[in-house]
Amino acid sequence: AIYERFEDVPQDSPFDFVIIGGGTAGNALANRLTEIPDFNVLVLEAGPSNEGVVDSIVPFFCAQAVPFTPWDWNYTTIPQKGINNRSVIYPRGHLLGGSSSVNFMAYLRGSSQDWDRYASITGDHGWSWDAIQPLIHRNEKWTEPADHHNTTGQFNPDVHSTKGINSVSLAGFPRPNLDPRVIRTTKDLPDEFPFNEDMNSGSHLGIGWTQATINGGRRSSSATSYLGPRFISRKNLHVLVNARVTRLVQTGRARNGTPKILGVEFVDINTNRKLTVNARRELILSAGSVNTPQLLQLSGIGDHSLLSSLNIRTLVHNPSVGQNLSDHPLLPNIWLVNSTDTFEAAERNATIAAEQLQEWEATEKGPLVDTLLDHLGWLRVPDNETDIWDRFEDPAAGRDTAHYELLFSNGIVPGTFPLPPAGNFLSVVTAVVSPTSRGSIRLNTSDPFSAPLIDPGLLNTPLDFEIIKYSIRSAQRFLSGRAWKDYIIAPLNGLDNTTMVGTDEELGEYVRANTATIFHPVGTASMAPVDADWGVVDPDLRVKGVSGLRVVDASVLPIVPAAHTQVPTYIVGERAGDLIKQAWGVL
Ligand SMILES: Cc1cc2nc3c(=O)[nH]c(=O)nc-3n(C[C@H](O)[C@H](O)[C@H](O)COP(=O)(O)OP(=O)(O)OC[C@H]3O[C@@H](n4cnc5c(N)ncnc54)[C@H](O)[C@@H]3O)c2cc1C
């Protein structure tokens with residue numbers, strides 16, 4: 001069950017596993033562990049319950065769920081030197097379900113090469129594309145879209161599963177001004193922009209229909225799926241919300257001499273009381289790519305010089321903790337269009353907005369059933385761009401893996417640009433999806449309630465900068481297709497009025513002034529081979545240098561995949577379930 005107060009959690013038998021963070025991976029793991037009736041599991045979540053949070057439930061309201069709401073950790077980055085020293089927002093879900101309760105729901109597994117690269121970096125075949133297929137199938141429950149339209153040709157049923165837990169579907173409300181234009185351009189300009197019927201087959205290059213974690217007209221998160229009614233009623237599954245963990249505690253020494261970390265200190269946010277709890281078998285840190293390294297550092301696991309400068313006693317000196325952050329820089333490119341049927345219509349007219357909500361409330365249909373991204377494209381800078389490839393190594397996981405992404409949206413994506421007083425818009429947002437820049441998460445103070453220093457290192461390398469400039473020119477070429485002839489009027493934001501492509505210098509200025517992130521940090525508690533002198537966890541997700549503690553969330557992925565990161569994170573949660581069951585002899 002879900003509890004608001006620790007006193008109400010049944011404590012007649014010890015907790016075998018305590019999971020810190022009821023987020024994307026944490027809840028998937030809690031579900032899999034409690035399949036074993038002997039495993040008594042406690043999840044500690046800092047945020048409130050997701051129950052009744054409309055901005056989390058209604059898919060189209062995803063852009064309202066964060067930033068700067070009670071459902072957000074309300075982080076911002078430190079000034080980013082690659083983008084004119086601007087600080088940008090860095091939302092993370094702060095409610096049950098974590099970021100899966102506030103994200104944009106796009107469902108992407110990545111290219112098969114991304115996973116094969118994880119297998120080769122870690123030396124563990126279990127992370128390869130072939131090996132994760134059963135995990136993908138256990139996670140995914142393919143579902144009909146809200147409008148039950150004929151989806152033939154919009155996805156490939158052969159690569160999907162209807163048997164998993166987390167619902168996935170195509171859009172359930174047509175956007176007739178946008179959808180046919182995108183698809184027609186893939187026919188008109190197929191060399192640069194081929195159609196891909198299903199970007200989740202392992203071969204992701206090309207442009208196709210967005211798949212999203214949506215069930216009918218509602219968001220499917222780790223809270224609504226993995227903690228859904230048939231699971232949360234398990235007698236051995238206890239979820240405590242408003243429980244903010246402040247430190248991991250050593251409880252002894254293992255036989256091999258390493259510190260045993262099975263204790264947790266947390267604060268009950270309602271009463272401000274400090275409490276402790278121990279795990280009998282294992283403690284699992286699933287607080288996400290920002291808070292997991294923060295908690296490790298607060299607990300003395302990190303770089304000795306940083307810890308000692310903050311008067312924190314070092315338990316394990318590991319300079320990799322919090323380093324190696326990789327994320328996707330994102331650039332909202334916006335055009336004024338010849339239409340009245342874009343997001344702006346409801347945003348400027350309260351009557352239309354109210355009608356849309358009424359329709360959703362009455363039928364769970366209509367424009368609010370979808371996320372904001374109609375189509376996605378995964379593309380490479382071609383080999384003949386010698387200006388780039390004579391100077392740089394290919395950063396992608398392989399030759400079938402994208403360098404950049406195009407994201408098509410029927411209006412300004414809220415939060416990316418202030419709503420102008422008039423006009424209707426199209427966004428072709430672009431993102432660098434095989435970035436070479438790296439950033440970090442470092443403690444700012446020893447106070448667990450103060451935010452760490454978040455540095456995603458956006459556009460820190462010349463290659464990432466070249467690729468994002470290339471992506472703008474690519475978006476412009478896409479919009480030069482016939483389908484857009486009477487639709488595109490002018491770019492909204494800087495650059496040449498008709499083409500959006502200025503000189504290289506102008507483009508550079510535009511990039512630095514407008515780039516932000518798509519919120520996909522990974523790598524801050526990276527996996528590494530067992531005997532490597534770097535990395536935070538081994539390929540079985542055990543924290544190096546201690547015993548009893550694993551990390552199970554996006555932070556263990558060594559490099560950001562050319563994909564949005566929720567599916568890879570669910571896969572981490574699913575695989576952790578198998579690894580832990582194997583370790584305790586029940587699988
Ligand atoms: C705004 C936004 C949009 C996104 N859009 C997409 C998208 O469309 N598609 C996609 O694939 N990915 C998207 N992502 C990324 C994706 O959602 C994340 O990569 C993924 O959900 C991360 O999962 P996680 O388990 O690592 O962390 P989370 O899901 O964030 O879980 C961490 C949990 O730990 C809790 N926690 C943290 N610290 C503590 C503490 N001290 N004590 C107790 N609990 C704690 C948090 O409250 C949270 O519930 C988006 C992310 C954001 C923020």
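A residue counts as buried here if 20 or more other C-beta atoms lie within 10 Å of its own. Keep that cut-off in mind, because it explains what "buried" means for helix α1, where Thr24, Ala25, Gly26, Asn27, Ala28, Leu29, Ala30, Asn31, Arg32 and Leu33 are buried. The structure you're looking at is a predicted model. Let's start with the whole chain and then zoom in.

**The chain as a whole**

- You'll find 15 helices and 25 strands in this chain.
- The radius of gyration is 23 Å, close to the 25 Å that the globule rule gives for 587 residues, so the chain is as compact as a globular protein of that length.
- Lined up along its principal axes, the chain has C-alpha atoms that fill a box of roughly 70 × 55 × 45 Å.
- Of the 587 residues, 55% are buried.
- Take the contacts with a separation of 6 or more: 73% of them join residues that are 24 or more positions apart.

**Helix α1 and its cover**

- Helix α1 is mostly covered, with ten of its ten residues buried.
- What does the covering? For the buried residues of α1, the cover includes strands β2 (15-20), β3 (41-44), β10 (237-240) and β13 (273-285), along with helices α7 (229-232) and α15.
- Here's a handy bit of background: an α-helix has 3.6 residues a turn, so residues three or four places apart point the same way.

**Strands β2 and β3**

- β2 and β3 pair in the parallel sense, over four bridges.
- One of the links is between Ile20 and its bridge partner in β3, Leu44.
- In a regular strand, side chains alternate between the two faces of the sheet.
- In β3 both faces are covered: Val41 and Val43 are buried on one side, and Leu42 and Leu44 are buried on the other.

**Around the ligand**

- The ligand is surrounded by 42 residues, and the closest are Gly21, Gly23, Gly98, Gly288 and His564.
- The elements giving two or more residues to this shell are α1 (24-33), β11, α8 (288-298) and α15 (566-583).
- Helix α8 gives the most, with four residues.
- By type, the shell divides into 17 nonpolar, 21 polar and four charged residues.

**Val245, a spot flagged in a record**

- UniProt, in an unreviewed entry, places the feature "binding site" at Val245.
- Val245 lies in strand β11 (residues 243-253).
- Is Val245 buried or exposed? Val245 is buried, because 23 other C-beta atoms lie within 10 Å.
- Leaving aside neighbours within four places in sequence, Val245 is in contact with Ile20, Leu44, Val264, Phe266 and Leu295.
- Two of those contacts should ring a bell, since Ile20 and Leu44 are the bridge partners from the β2 and β3 section.

**A three-strand sheet**

- There's an open sheet of three strands, in the order β4-β5-β7, with mixed pairing.
- β4 (140-142) and β7 (211-212) stand at the edges with a single partner strand each, so one side of each has no neighbour in the sheet.
- β4 pairs with β5 (residues 166-170) in the parallel sense over three bridges.
- Across that pairing, Lys141 has Ser167 in β5 as its bridge partner.
- What holds such strands together? Strands of a sheet pair through backbone hydrogen bonds, either parallel or antiparallel.

**Backbone oddities in the loops**

- The peptide bond from Val66 to Pro67 is cis, with omega near 0°.
- Pro67 lies in the loop between α3 (62-65) and α4 (112-122).
- Asn74 is also placed in the loop between α3 and α4.
- Asn74 has a positive phi of about 60°, although it is not a glycine.
- With 16 C-beta neighbours inside 10 Å, Asn74 counts as partly exposed.
- Asn242 likewise has a positive phi of about 60° without being a glycine, and it sits in the loop between β10 and β11.
- Asn242 counts as buried, because it has 20 C-beta neighbours inside 10 Å.

**Asp540, far along the chain from Pro67**

- Asp540 is found in the loop between β24 (516-517) and β25 (549-551).
- Asp540 is partly exposed, with 17 other C-beta atoms within 10 Å.
- Asp540 and Pro67 are 473 residues apart along the chain, and their C-alpha atoms are separated by 34 Å.

Note on methods: Residues numbered from 1 in each chain as written. Predicted model: local features only at pLDDT ≥ 70, side-chain atom pairs only at ≥ 80, totals over all residues. UniProt positions renumbered as here; feature names shortened; annotations may be inferred. Buried ≥ 20, exposed ≤ 12 C-beta atoms within 10 Å, placed from the backbone. Contact = placed C-beta atoms within 7 Å. Pairing = 2+ DSSP bridges. Near = placed C-beta within 6 Å. Nonpolar A, V, L, I, M, F, W, Y, C, P; charged D, E, K, R; others polar. Rg over C-alpha atoms; globule rule 2.2 N^0.38 Å.
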